[in-house]
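Reader: Hi! I would love a close look at one part of this protein, namely how its nonpolar core is put together, with a little of the surroundings for context.

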Amino acid sequence: MTPKKQRALSRSRFFTGTKAGSFDHLPGGLNFLKRQFSFLPMWVIGLCAVTTAAGTAAGGWHIIRTLGHRMVKLQPLHGFAAETTAALIIQAASYYGMPLSTTHVISTSIMGVGTVKRFSDMKWIVVERIIWAWLFTLPASGLIGYALARAALAL
């Protein structure tokens, strides 16, 4: 790789890895994980916000309907218990710096509330489909990220 390409690539990495040096011992092929900058340009923040809003607008209603009506029929009290539990878990994880998926947390909170409400009221086939989706999401995301990183390096 030419020095010009290396400089352009290093400028395009905004915020990855960790400041604590956790990735310092990794082999050279994984240098892309190391933190390069301590700021994010406003256009990146704006693009992330627009993408998140579009995703929520496009599919958020479907997720809420599945969790609140198809998996188990929730009453307001049950929704409050699930949301409070999820909020406590997310706050505790944030305090300790643990990454987690808020979707997974709220889904499992609703599963817990539905199970306590009445075990037989849970639609376990929906729960099974959700768990399979979780299991396939991580490797699929990793493969897509790897392919995009390789494509970016090839440019």
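To get me oriented before we zoom in, how many helices and how many strands are there in the protein?

Author: Happy to walk you through this one! Please keep in mind that the model is predicted. The protein has five helices and zero strands, so its order from the N terminus reads α-α-α-α-α. Among the contacts with a separation of 6 or more, 55% join residues 24 or more positions apart.

Now to the core. The largest nonpolar core has 15 residues, and the members that touch the most others are Met71, Ile110, Met111, Met122 and Ile130. At least two residues of this core come from each of helix 2 (42–71), helix 3 (76–96), helix 4 and helix 5. Helix 4 is the top contributor, with five residues.

Met122 is a good place to linger. Leaving aside residues up to four places away in sequence, Met122 touches Met71 and Met111, both of which are also on the list of core members with the most partners. The other residues that Met122 contacts are Val72, Gly114, Thr115 and Val127.

Staying with helix 4, which spans residues 102–117, let us look at Ser109. This serine has a relative accessible area of 8%, which is under 20%, so Ser109 counts as buried. Where does its side chain point for a polar partner? The side chain of Ser109 reaches the backbone oxygen of Val105, at 2.9 Å. Beyond residues up to four places away in sequence, Ser109 touches Ala82, Thr85 and Ala86. Those three residues fall within the 76–96 range of helix 3, so here you can see Ser109 of helix 4 in contact with helix 3.

For contrast, turn to the surface of helix 5, residues 124–154, where Leu135 sits. Leu135 has a relative accessible area of 52%, which is over 50%, so Leu135 is classed as exposed. Leu135 is part of a nonpolar surface patch together with Ile131, Trp132 and Phe136, and the four share about 440 Å² of accessible area. Helix 5 thus appears twice in this tour: it supplies at least two residues to the core, and it holds Leu135 of the patch.

Finally, the wider view. Buried residues make up 17% of the 155 residues in the protein. The accessible surface comes to about 11,500 Å², and carbon and sulfur atoms account for 70% of that area.

Technical notes: Residues are numbered from 1 along each chain as its sequence is written. This is a predicted model: local features need pLDDT of at least 70, side-chain atom pairs count only at pLDDT 80 or more; totals for chains, interfaces and linings use all residues. Side-chain values use heavy atoms; hydrogens and water are left out. Patches are made of residues with over 30% relative accessible area and no salt bridge: like charges are joined within 9 Å, nonpolar side chains (Val, Leu, Ile, Met, Phe, Trp, Tyr) within 5 Å. Accessible areas come from the Shrake-Rupley method with a 1.4 Å probe; for residues, only the protein chains shown count as cover. A salt bridge is a side-chain nitrogen of Lys or Arg within 4 Å of a carboxyl oxygen of Asp or Glu. Helices (H or I, at least four residues) and strands (E, at least two) are DSSP runs, numbered from the N terminus. Buried means under 20% relative accessible area, exposed over 50%, partly exposed in between (1.4 Å probe, protein chains only). A polar contact is a pair of N or O atoms within 3.5 Å; within protein, one must be able to donate a hydrogen and the other to accept it, and residues adjacent in sequence count only if both atoms are side-chain atoms. Contact means heavy atoms within 4.5 Å. A nonpolar core is a set of buried Ala, Val, Leu, Ile, Met, Phe, Trp, Tyr and Cys residues joined through side-chain atoms within 4.5 Å.
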